[in-house]
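Please go through the model shown here as a series of questions and answers on its strands, cores, helices and side-chain geometry.

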Amino acid sequence: MAQRDEEAVISPTGWVADQARLYEESGGTKGTGVQGVTCLLLDYRGRRTGQLRRTVLIYGRDGDDYLIVASNGGADEHPLWYRNIVDEPDVRLRVGTEERFAARAQTLSAADKARVWPGLVELFAPYADYQAKTDRDIPVVRLRRTQD
């Protein structure tokens, strides 16, 4: 995936960029939540540019794995980060004060999504509204730690 010292391009969305910078600059002690829900930093490779990119995402847990939701606020298109990790599933995560680590992204099957979806909606209730707004099946992605 990425060299450890490679600089990631932060999301161009204003509040996301501000939060990602705060999260990183504080060593994971600030900027780690949205609306009271914990977030992680996802570093992924741009499928067209090859650039390392960074975004902030709410996460849930399934055992030792992290779960993220490609909701895009209920838009009819998948978020760009999701399209990128489908093409290049090797990513890096920062979760709180833990050092950044390598992970592999995998979209959950329909059965696995059905199992974890209620817990994700309990974690962040707007996910249910986002799914109701679109005909697109909102993907849930498992992030599983790998060896660096």
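The exchange below concerns a predicted model.

Me: Which strands pair with S3, and in what sense?
Reply: Strand S2 (residues 33–34) is joined to S3 by two bridges and runs antiparallel to it. Strand S4 (residues 52–58) is antiparallel to S3 as well, with seven bridges between them. Strand S7 (residues 90–94) pairs with S3 over three bridges, again in the antiparallel sense. The partners are therefore S2, S4 and S7, at least two bridges being needed for a pair, and the sense is antiparallel.

Me: How many of the nine residues of S3 are buried?
Reply: Strand S3 spans residues 37–45 and is mostly covered. Buried here means a relative accessible area under 20%. The number of S3 residues that count as buried is eight.

Me: Which residues stand opposite Leu 42 in S4 and in S7?
Reply: On the S4 side, Leu 42 has Thr 55 as its bridge partner. On the S7 side, the residue opposite Leu 42 is Leu 93. The two names are Thr 55 and Leu 93.

Me: Which residue takes a positive phi in the hairpin of S3 and S4, and which in the hairpin of S2 and S3?
Reply: Six residues lie between S3 and S4, and Gly 50 there has a positive phi near 80 degrees. Two residues lie between S2 and S3, where the positive phi, near 50 degrees, belongs to Gln 35. The residues are Gly 50 and Gln 35.

Me: Is Gln 35 buried or exposed, and at what relative accessible area?
Reply: Gln 35 lies in the loop between S2 and S3, and has a positive phi although it is a residue other than glycine. The cut-off for exposed is over 50%. Gln 35 is therefore exposed, with a relative accessible area of 67%.

Me: What is the relative accessible area of Asn 72, another residue with a positive phi?
Reply: Asn 72 is placed in the loop between S6 and H2, and its phi is near 50 degrees. Partly exposed covers values between 20% and 50%. Asn 72 falls in this class, with a relative accessible area of 36%.

Me: Which helix gives the most residues to the largest nonpolar core, and how many?
Reply: The largest nonpolar core has 20 residues, and among those with the most contacts inside it are Ile 58, Val 69, Trp 117 and Tyr 127. Helix H1 (14–25), S3, S4, strand S6 (65–69) and helix H3 (110–123) each contribute at least two residues to this core. The greatest contribution comes from H3, with four residues.

Me: Which residues does Tyr 127 touch beyond four places in sequence?
Reply: Tyr 127 is one of the residues with the most contacts inside the largest core. Trp 117, Phe 124, Tyr 127 and Tyr 130 also form one aromatic cluster. Beyond four places in sequence, Tyr 127 touches Ile 58, Val 69, Ser 71, Trp 117, Leu 120 and Val 121.

Me: Why do the buried residues of H2 line one face of the helix?
Reply: In helix H2 (residues 80–87), the buried residues are Trp 81, Tyr 82, Asn 84 and Ile 85. An α-helix has 3.6 residues a turn, so residues three or four places apart point the same way. The face of H2 turned away from the buried side carries exposed Leu 80 and Asp 87. The buried residues line one face because, seen down the axis of H2, they fall within an arc of 165 degrees.

Me: What is the geometry of the aromatic pair of Tyr 59 and Tyr 66?
Reply: Both Tyr 59 and Tyr 66 are buried. Their ring centres are 5.4 Å apart, with 70 degrees between the planes. Planes over 60 degrees apart count as edge-to-face, so the pair of Tyr 59 and Tyr 66 is edge-to-face.

Me: At what distances do Lys 113 and Arg 145 lie over aromatic rings?
Reply: Lys 113 lies over the face of Trp 117, and Arg 145 over the face of Phe 101. The distances from the ring centre are 4.7 Å for Lys 113 and 3.6 Å for Arg 145.

Me: Is Pro 139 buried or exposed, and at what relative accessibility?
Reply: Pro 139 lies in the loop between helix H4 (126–133) and S9. Its contacts beyond four places in sequence are Ile 68, Val 69, Ala 70, His 78, Tyr 82 and Thr 107. Pro 139 counts as buried, at a relative accessibility of 7%.

Notes:
Residues numbered from 1 in each chain as written. Heavy atoms only, no water. Buried < 20%, exposed > 50% of the residue type's maximum accessible area, 1.4 Å probe, protein only. Core = buried A, V, L, I, M, F, W, Y, C linked by side-chain atoms within 4.5 Å. Contact = heavy atoms within 4.5 Å. Arc of directions from axis to C-beta. Phe/Tyr/Trp six-rings, centres within 6.5 Å; stacked < 30°, edge-to-face > 60°. Lys NZ or Arg CZ within 6 Å of the ring centre and 35° of its normal.
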